[in-house]
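Visitor: I'd like to go through this one label by label. Could you show it to me and explain the reasoning behind each term?

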Amino acid sequence: MTAMVSPQAPANDDYTTAMSNLLPLASAAQQPYVSELLSFTLDRLHKEPELLRVDAERIRRQMQEVAVGNYRAFIAAADALLEIREEVSSIDKHLESLIAEIPKLTSGCTEFVDSAEHTLEKRKMNQALLANHSTLLDLLEIPQLMDTCVRNGNFDEALDLEAFVAKLTTMHPKIPVIQALAAEVRQTTQSLLYQLLQKLRSNIQLPECLRIIGYLRRIGVFTEYEMRLQFLRCREAWLTGILDDLDQRNPYEYLKRMVNCYRMHLFDVVNQYRAIFADDTSGNEENYDVGLLFDWAMHQITSHLKSLKIMLPKITEGGSLSNILDQCMYCAMGLGWVGLDFRGLLPPLFQEAVLNLFSKNMSTAVENFQIVLDSHRWVPLPAVGFPASSLGEESTDDVSPPSNLMEHPPLAVFINGVSAAMNELRPCAPLSLKHVLAQELVKSLQAVSDSLLRYSTTRILKDNESILFTKLCQSFIETVFPHCATCFGRCYLGGAALISDAKNLFVGIDRLLAKQAQKTIHKTSENGVHHTIVRTASASLDEKEQNYTSPQKANPAINEEIQESPVLRNDL
C-alpha cells in the first residue's frame with residue numbers, strides 16, 4: 001500500500017491544492033491544518049475526529065481550571081470591557097462633534113489669516129503714513145487753502161491748486177484720500193464758479209470781464225457756446241436788476257431812466273461780448289456765435305419796447321411824451337453804432353400813446369360838458385367882451401377862446417377841455433394821425449351835439465330857458481365848432497379844413513335852431529314885436545366889438561395856453 005501511494009504523490013499534491021481551494025474552512029488561519037489533513041492517510045483521517053474530541057475535552061478542562069483559578073480576572077476583564085464599550089461610544093460621539101466643528105475651525109483659521117494679513121497691510125500703511133505725514137498734511141490742507149483763496153479773490157492761486165489736485169487724481173485714481181480731496185476741491189470749485197458768475201452780474205468793465213471769462217475757461221465746466229450764453233445771461237440779470245430798482249410811481253421819470261439805462265448798458269454789453277468772444281477763424285464751428293448775440297439783443301429790444309408800450313399810456317402830458325420820444329430816438333441812434341437801431345419800431349408805440357392821450361382828453365371834455373349841462377341853471381349872464389381898441393392889436397395867429405362863451409358855461413367847460421387836449425397834442429403831433437385825430441375831434445363834437453339834442457327832447461324848458469338854450473346851441477355852431485377847427489389847424493397844417501368838412505354832421509342842431517326860430521318869430525308876430533334871436537356871424541362880430549372889456553377881466557377858467565402861438569412839432 002505504501003509502494004502504491006508513493007508514485008501518485010505529485011498527483012495527490014495537486015489534488016490537495018485543488019481541494020483546499022474548494023473547502024469552505026480553508027481560510028488564511030486554517031489553511032495549514034487543512035493542508036495537514038490532506039496529507040494524512042485514510043486510517044489517520046478516521047482517527048482524527050477522536051483525537052480532536054480528546055483535545056477539545058482537554059482544552060475545556062484546562063479552561064475550566066483557568067476560569068476557576070482566575071475568575072476575579074475574568075470579572076474585572078468583563079467590567080473593563082463594559083467600560084471600554086461605553087468610553088468608545090462616548091469617544092465616537094465626541095469624534096462626530098469634532099468632525100462637525102472642523103469646518104468652523106477651518107473658516108476661523110482662514111478668517112484669522114485674512115485678518116492677520118489685513119492687520120499687516122494696515123501696519124504697513126501706518127508706517128507709510130508716518131513716513132509721509134508732513135506731505136499728507138499739506139495735501140489735506142489744500143481744500144481749506146483753496147477756499148481761503150476764493151474768499152479773498154485770489155482766483156489764480158485757487159485755480160492752480162485745483163489743477164494740482166486734478167493731476168494727483170489722474171496719477172492716483174484708486175487712493176481714497178486723493179478721491180476725498182478731489183471731492184472737497186470740486187465743492188470749492190463750485191463756490192468759485194458761483195462767485196465768478198456773481199461778478200458777471202455786477203457793474204464791471206471790459207478788463208474785469210476778460211479776466212472772469214479767462215477764469216471760467218480755466219475751470220472748463222462750460223463749452224464755448226455755453227460760456228457765451230452764461231455771459232449774456234449774467235449781464236441780462238444785472239441789467240434787469242437795474243431796471244427793477246427804478247421807481248415806477250412816476251412813469252415819466254421811470255421811462256427816462258429806463259431809456260438811459262438801455263442806451264448806456266446795452267451798448268457796453270454788446271461791445272464787451274464782441275471784444276471777449278471774437279469769432280475764431282480756425283475752422284472750429286464751436287467757436288462761432290451762431291446768432292446768439294443777435295437773438296439776445298433782439299430779446300432786449302423787444303423787452304424795451306414792451307415796457308414802453310406798458311408805460312406810455314400812463315403819461316398824461318404831451319410834452320413828456322415828446323421828451324420820451326427824443327430820449328428813445330437818441331438811444332436807438334446810439335445803439336445803431338452796434339447794429340441795434342430800432343428807431344423804425346418807435347412810431348407805432350408813440351402814435352398809439354398820442355391817440356390814447358388825445359382820446360382821453362376829449363372824452364374828459366365831453367364828460368365835463370355833460371356834467372355841467374345837466375346841472376346848469378338857465379339864467380341870463382352878463383355879456384363879457386374886450387374893448388374894440390385891443391382887437392386890432394391881436395395877432396392873426398391868436399386862437400384864444402371867444403369871450404362870448406362866458407355866457408354859456410357848458411360850452412366854456414368843453415372849450416377848456418378841447419384847449420387842454422390841443423395843448424397836449426402840440427408837442428407831439430404825428431402826421432400819420434392827422435386824419436385819425438381829426439375824426440376823434442369830430443366824434444367829440446358829435447357827442448356834444450347829440451347831448452344837446454337829447455337835452456332838448458328830454459327836458460321841458462320855460463320860454464326864457466328855451467331862448468338861452470337856443471343861444472347856447474347857436475354858439476356851439478357859430479363859435480365852438482369854428483374855434484375847434486382853428487385850434488386843430490394850429491396843430492396840423494390844413495387840419496382846420498378836415499374839421500370844417502364835417503359841419504354837415506350837425507344838421508340836427510341846425511334843424512333845432514330853425515324850429516326854435518320859427519316858434520319865436522310866430523310868437524313875436526302875435527305880440528307885435530318884430531325881431532329875431534337868430535344872430536348871423538357878422539352880427540356876432542359887431543356885438544363882440546361893442547362889448548369888449550379889459551383883458552384882465554376875462555374868466556380864468558378858460559384855458560389860455562393855446563394863445564401862446566406855439567411852434568408845431570411833428571416828431572414822428
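Guide: Sure, and keep in mind that this is a predicted model. Let's start with R459, which lies in the loop between helix 18 (434-458) and helix 19 (463-491).

Visitor: Why is R459 called partly exposed?

Guide: R459 has 36% relative accessibility. Buried means under 20% and exposed means over 50%, so at 36% R459 counts as partly exposed. As for its surroundings, the C-alpha atoms of R459 and D374 are separated by 10.0 Å, with their positions 85 residues apart along the chain.

Visitor: And what makes N356 partly exposed?

Guide: That's the 36% relative accessibility of N356, set against the limits of 20% and 50%. N356 lies in helix 15 (residues 346-375). Its C-alpha atom is 7.0 Å from that of P313, and the two residues are 43 residues apart along the chain.

Visitor: On to the rings. How many aromatic pairs does the structure hold?

Guide: It holds 9 aromatic pairs. One of them is F155 with Y215, which is edge-to-face.

Visitor: How do you know that F155 and Y215 are a pair, and what makes them edge-to-face?

Guide: Their ring centres are 5.5 Å apart, and the cut-off for a pair is 6.5 Å. The planes make an angle of 70°, and over 60 degrees counts as edge-to-face. F155 lies in helix 8 (residues 155-171) and Y215 in helix 10 (residues 206-219), so the pair ties together parts that are 60 residues apart in sequence.

Visitor: Are F155 and Y215 buried or exposed?

Guide: F155 has 6% relative accessibility, so it counts as buried. Y215, at 13%, counts as buried too; the limit is 20%.

Visitor: Why is the pair of F231 and Y273 called tilted?

Guide: The ring centres of F231 and Y273 are 6.2 Å apart, with the planes at 40°. Stacked needs under 30 degrees and edge-to-face over 60, so at 40° the pair is tilted. F231 sits in helix 11 (residues 224-244) and Y273 in helix 12 (residues 251-276), so this pair ties together parts that are 42 residues apart in sequence. Both F231 and Y273 are buried. Together with F277, they form one aromatic cluster.

Visitor: Where does the charged end of R44 sit?

Guide: Over the ring of F40, 4.4 Å from the ring centre. The distance limit for that label is 6 Å.

Visitor: Now the helices. What makes helix 8 roughly antiparallel to helix 9?

Guide: Helix 8 and helix 9 (residues 176-200) pack at an angle of about 150°, and their axes are 10 Å apart. Angles over 145 degrees count as roughly antiparallel, so that is the label for helix 8 and helix 9. Their crossing is left-handed. Among the residues that meet there are F155, L159 and E162 from helix 8, and I178, Q179 and L181 from helix 9.

Visitor: Why is helix 10 called oblique to helix 12?

Guide: Their axes cross at roughly 45° and come within 10 Å. Roughly parallel needs under 35 degrees, and roughly perpendicular begins at 65, so helix 10 is oblique to helix 12. Helix 10 passes helix 12 in a right-handed crossing. L206, C209, L210, I213 and R217 in helix 10 meet Q272, A275 and I276 in helix 12.

How values were computed
Residues numbered from 1 in each chain as written. Predicted model: local features only at pLDDT ≥ 70, side-chain atom pairs only at ≥ 80, totals over all residues. Heavy atoms only, no water. Phe/Tyr/Trp six-rings, centres within 6.5 Å; stacked < 30°, edge-to-face > 60°. Helix = DSSP H or I, 4+ residues; strand = E, 2+ residues; numbered from the N terminus. Buried < 20%, exposed > 50% of the residue type's maximum accessible area, 1.4 Å probe, protein only. Lys NZ or Arg CZ within 6 Å of the ring centre and 35° of its normal. Axes fitted to C-alpha atoms, helices over the stretch in contact; angles between N-to-C directions. Parallel < 35°, antiparallel > 145°, perpendicular 65-115°, else oblique. Left-handed = near helix turned anticlockwise from the far one by under 90°. Contact = heavy atoms within 4.5 Å.
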